[in-house]
There are 2 protein chains.
Amino acid sequence: MNCQVTLLPEKRQGSALAGTALREALARLDMEVLAPCGGEGTCGKCRVQVDGPGLESPGPAERALLSAEQLREGIRLSCQARICGSVQATVPAASRPAPMRILPGGVDRKIRIEPAVCKQAIHLQPQTLCEPYARLEHLRRSGNLRADLRAVTELLPQLPQLLDGTEAEITAVIREDQLLALEPGNTSERCFGLALDLGTTTVVAALIDLNTGRQLGYASTVNQQASEGHDVIARINTTIEEADGLQKLQAAARASLDRAITQVLAREQVDPQEVYEATLVGNTTMVHLYLGISPASLGHLPYVGMVADAVDMPASQLDLHLHPSARIYILPAIAGFVGADTVAAALAASFDEDDGRIRIIADIGTNCELVLRRDERLLVTSTPAGPAFEGARIACGMYAGPGAIEAVHLDGDVHCKVIGRQEPRGLCGSGLVDAGAELLANGIIDETGRLLEPEELGEQVSEALKRRLVPREDGLSFVLAESVALTQRDIRELQLAKASIRTAVDLLLEKAELAAADIDEFVLAGGFGNYIDKANAMRLGLIPELPPKKIRFIGNGALVGARLALLSRTLRQRGVQIAQRAEHLQLAGTPDFQDRFTEALLFT
Amino acid sequence: MNCQVTLLPEKRQGSALAGTALREALARLDMEVLAPCGGEGTCGKCRVQVDGPGLESPGPAERALLSAEQLREGIRLSCQARICGSVQATVPAASRPAPMRILPGGVDRKIRIEPAVCKQAIHLQPQTLCEPYARLEHLRRSGNLRADLRAVTELLPQLPQLLDGTEAEITAVIREDQLLALEPGNTSERCFGLALDLGTTTVVAALIDLNTGRQLGYASTVNQQASEGHDVIARINTTIEEADGLQKLQAAARASLDRAITQVLAREQVDPQEVYEATLVGNTTMVHLYLGISPASLGHLPYVGMVADAVDMPASQLDLHLHPSARIYILPAIAGFVGADTVAAALAASFDEDDGRIRIIADIGTNCELVLRRDERLLVTSTPAGPAFEGARIACGMYAGPGAIEAVHLDGDVHCKVIGRQEPRGLCGSGLVDAGAELLANGIIDETGRLLEPEELGEQVSEALKRRLVPREDGLSFVLAESVALTQRDIRELQLAKASIRTAVDLLLEKAELAAADIDEFVLAGGFGNYIDKANAMRLGLIPELPPKKIRFIGNGALVGARLALLSRTLRQRGVQIAQRAEHLQLAGTPDFQDRFTEALLFT
């Protein structure tokens with residue numbers, strides 16, 4: 001039976017077979033309702049408001065996560081509710097992918113611009129009888145190009161038209177020993193490349209001028225894979241559990257990149273045909289999915305992927321709609337969950353060079369990767385921080401988009417800083433760190449992470465703050481704003497995330513026979529890392545106690561690294577060296593990992 | 001109007017639109033009637049016998065080339081006769097592509113076998129926690145493979161299935177720094193490659209065992225392009241005159257190669273999936289057409305092609321149905337008409353090495369290419385010998401197939417050696433040389449090439465021979481066998497071919513400041529070259545007077561060279577060096593070329 005589905009307030013309509021999950025039907029109307037749990041009915045983030053009798057009765061998952069009143073009001077979990085008739089669904093802002101605050105760039109290293117792709121204008125004279133060279137050889141000689149320059153096969157059939165033997169100006173597009181294309185006239189001023197960051201959550205495309213190294217613009221979009229689950233584990237499971245899961249995720253990654261690329265090119269008025277190279281970074285799972293390689297082996301011990309090498313291939317093979325001869329270079333990964341994004345962040349932070357200092361970089365996302373440099377030694381590890389810092393599994397959690405509380409300060413009462421200067425509607429990662437640290441500093445949560453009852457609180461806690469402690473069905477919560485509260489369970493999630501990262505930092509230091517005090521520089525990368533309050537992060541124990549000036553933010557290090565690899569063949573090679581030389585510390589293989597982790601759960 | 005066309009004796013039927021040339025209609029019935037002139041109605045080789053009233057009346061071309069009696073008997077030129085009703089056409093053996101005598105191999109150089117593609121069986125152990133490498137790195141370490149070995153992109157999605165982490169035997173297929181494939185189990189004994197010779201007339205595919213270097217078998221087929229004209233000039237014209245000419249010729253070349261490859265693989269019971277590399281040689285026009293590059297620029301001064309470089313590309317891009325990751329390597333060309341086939345022949349004749357001797361190689365086909373080696377110097381040139389040696393433009397000319405007179409000796413009367421020990425039905429190249437030389441030696445033709453009237457002949461000429469001088473409509477002819485005669489015009493063709501080659505040899509010697517007597521070795525390559533009588537060739541002046549032991553035959557040098565390049569990376573590289581170092585002598589640019597050519601027309 002076909003049932004009519006209407007999306008509100010957009011008023012988009014379509015039909016779906018009876019039995020289809022509402023979320024799936026909405027996806028076909030181009031509305032991707034959030035589902036960090038991957039549509040398993042456990043996160044409760046995919047709520048929609050429905051009208052009409054067209055849904056089956058709520059099942060156990062909905063009854064567990066929605067109150068009787070909510071169900072009466074027509075609130076349903078769209079991943080669980082199944083269609084049985086006509087239905088109108090209003091998707092609230094909180095259930096929609098938020099326009100996120102993206103870190104497009106970050107700090108830049110000073111580098112010599114020597115991109116793999118460059119252009120050279122050549123003046124061609126007609127050939128004489130004394131120059132019986134093939135036209136391509138005539139071109140090489142005329143332009144003084146390297147003798148081993150070879151035309152890519154796609155170019156060969158076009159040569160007769162491009163090199164017609166008359167006097168002409170022509171521009172050679174060269175990539176190392178490959179002649180990628182010939183453009184009539186002198187087009188050497190327009191030479192573009194793309195730096196791509198295929199993130200688990202967000203996809204960014206930055207358009208780079210390969211002559212100047214300048215970033216001309218960027219565009220970002222949600223990784224459409226997110227509808228299959230918030231973190232890499234959920235997506236790995238999709239590839240295992242669904243016959244077409246891998247294809248679906250690959251297609252979603254490609255479509256997301258395509259969207260970001262199309263946007264930035266349109267905005268900067270660059271024709272896709274003018275782009276001859278892209279570099280791409282992403283974590284190991286993302287790169288596997290993008291290349292159509294099952295990431296299943298990353299899901300179990302010993303957590304290895306199939307390939308960690310840099311990949312250099314025709315962009316067209318990955319459905320990138322650039323010049324037909326364009327290439328894509330995917331940076332190498334190190335091991336398991338330490339992927340190309342980490343290599344790129346390490347490049348962005350100059351970890352390819354030994355400057356005599358002891359340095360750590362932490363790229364904090366749903367997964368946290370760490371690199372430690374000491375002299376010639378590079379140590380890496382990774383740890384699943386969980387999605388708490390990205391707003392998932394937090395009662396009022398949300399991405400760092402408009403309406404998110406990004407900073408919290410307690411000063412007798414609560415002061416919140418909200419992204420976009422609007423009414424607070426949720427809590428993002430940096431706000432979560434602040435809230436936890438401030439509650440800890442004010443004695444409202446104890447060292448074990450327990451939210452104290454108002455009567456347990458000392459006199460130094462103001463009445464205003466005490467009044468914010470409100471019991472909920474699932475325990476005590478602390479109200480931050482009218483519709484935003486921090487629950488006891490949220491604090492447990494924060495503890496897990498913090499313990500996970502801190503244990504990794506400590507074990508890495510131990511492996512390098514160093515103490516926290518030896519650290520000369522602690523680099524924070526990633527969207528979340530860039531906005532957290534240093535002091536609060538240290539207060540929580542997320543990062544070791546260090547003089548604040550030793551802590552440095554580099555923004556989206558992965559994207560910066562992709563840009564560096566696009567602009568410098570030397571740095572591209574250095575990335576390969578980082579990947580080859582790094583020693584990987586497998587936390588799961590460290591004997592006292594569990595003890596250390598348990599210890600790190602405490603706020604001490 | 002659709003008309004029924006029946007091919008006899010095969011009884012194959014089809015239909016054709018009124019106005020279609022009969023030859024074209026027959027081609028759709030998979031019968032390629034010979035047409036060395038390219039279907040222009042000038043060679044008269046495409047004769048068929050027709051029944052039924054379904055053809056338009058003969059036009060001027062048919063009336064010129066066919067006698068009134070022939071026309072009455074239903075003999076027609078199939079390239080000219082246009083269909084207007086039902087027609088039955090019997091295609092006689094002489095108008096069908098003959099099964100040719102092909103030179104599959106030729107002399108072999110002693111070389112070290114070091115093919116670009118090799119196999120290595122590897123025993124894989126399960127990975128432990130202490131080996132957190134990507135599975136491909138685990139493979140490299142287990143097999144002690146080069147660290148920079150990269151999987152081709154086609155292989156990446158297959159890795160999870162092939163490297164499943166369990167203990168296993170697996171075979172890596174390696175080509176330089178590329179991992180082309182992984183085969184379960186130990187398949188290292190079966191490692192195959194193809195050496196391909198894309199000749200203007202004939203296509204040969206030789207199957208080579210890359211472990212032993214042994215040629216396991218070969219298959220040859222007519223180059224299906226031949227229906228568009230016998231020589232490269234006719235085919236270049238097709239690409240200029242017909243909108244889809246290039247595509248048609250490219251498709252014909254690919255289909256011909258496919259046919260030869262399919263045959264040899266089936267015969268030797270090798271699966272196409274087991275072939276990972278092919279090397280290909282051909283003249284510049286053939287390689288251009290095969291790659292889909294218009295060869296138009298080869299048709300006019302300064303006679304240059306578009307590209308002379310070696311081409312290394314995925315075989316699948318050229319529709320070769322081998323392993324999906326298989327590569328094809330096309331040997332480099334030198335300049336203009338001196339193509340990859342010449343480079344290959346030079347490799348076959350060891351011209352990449354200086355052995356202190358002065359050597360010339362002549363690869364005689366419709367086009368004749370020459371290479372001279374003196375110390376470190378390599379001089380090359382080419383000359384259009386014309387198709388006489390391949391039987392075209394010769395009244396009773398035919399390919400060197402069954403029924404062809406391949407040798408002629410005059411000893412009071414005529415003694416002919418016929419291929420296939422059957423009734424003579426035509427004259428092939430070597431027979432033409434013999435006939436010319438013997439008639440010259442016996443004083444039946446004079447120095448200017450004129451066939452003398454019986455009454456002009458001296459007494460030393462027997463009556464039997466004199467009786468063989470028979471006048472024809474187009475002049476005098478000499479009867480070699482019941483249905484085979486040599487005409488005055490044939491002798492003129494022979495003179496043109498001979499003059500063309502000899503002038504090139506002489507000018508090349510001059511350029512190197514050498515005399516004919518300085519030649520230490522004269523190498524003859526090509527199907528024709530291999531069967532000619534040394535003494536007769538010298539008597540005609542086709543090659544300079546030399547002690548016979550200085551003349552060496554190497555057979556199909558082009559194919560041998562393709563095989564050498566398949567089996568030895570060193571020789572492949574030497575081929576590139578030959579191409580790069582050779583100095584090209586453009587005959588058309590030599591001031592006294594015309595004078596020398598006119599002089600060389602004489603049999604002196």
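Okay, before anything else: when I say "domain" today, the bounds come from an automatic or database domain assignment. And keep in mind that this is a predicted model.

So, chain A. The assignment splits it into domain 1, residues 2-95, domain 2, residues 117-184, and domain 3, residues 192-330. If you take the C-alpha centres of domain 1 and domain 2 of chain A, they sit 59 Å apart.

Let's zoom in on one helix, α7 of chain A, residues 245-267. With 23 residues at 1.5 Å each, α7(A) should span 33 Å, and its end C-alpha atoms are indeed 33 Å apart, so the two agree. Which residues of α7(A) are buried? Among them are Leu246(A), Leu249(A), Ala253(A), Leu257(A), Ile261(A) and Val264(A). In general, residues three or four places apart on an α-helix point the same way, because there are 3.6 residues a turn. The buried residues of α7(A) pack against three strands, β10, β11 and β12, plus helices α6 and α8, again of chain A. Just after the helix, Gln269(A) takes a positive phi, about 55°.

Now the core. The largest nonpolar core has 380 residues, and Leu427(A) and Leu427(B) touch the most other members. Looking past its close sequence neighbours, Leu427(A) contacts Ile394(A), Met398(A), Leu432(A) and Val484(A), among others.

Last thing: how do the chains meet? The contact uses 41 residues from chain B and 40 from chain A. On the chain B side, α4(B) gives the largest share, 3 residues. That side divides into 24 nonpolar, 13 polar and 4 charged residues.

Methods: Residues numbered from 1 in each chain as written. Chains lettered and ligands numbered in written order. Predicted model: local features only at pLDDT ≥ 70, side-chain atom pairs only at ≥ 80, totals over all residues. Core = buried A, V, L, I, M, F, W, Y, C linked by C-beta atoms within 7 Å. Buried ≥ 20, exposed ≤ 12 C-beta atoms within 10 Å, placed from the backbone. Contact = placed C-beta atoms within 7 Å. Helix = DSSP H or I, 4+ residues; strand = E, 2+ residues; numbered from the N terminus. Nonpolar A, V, L, I, M, F, W, Y, C, P; charged D, E, K, R; others polar. Expected span 1.5 Å × (residues − 1).
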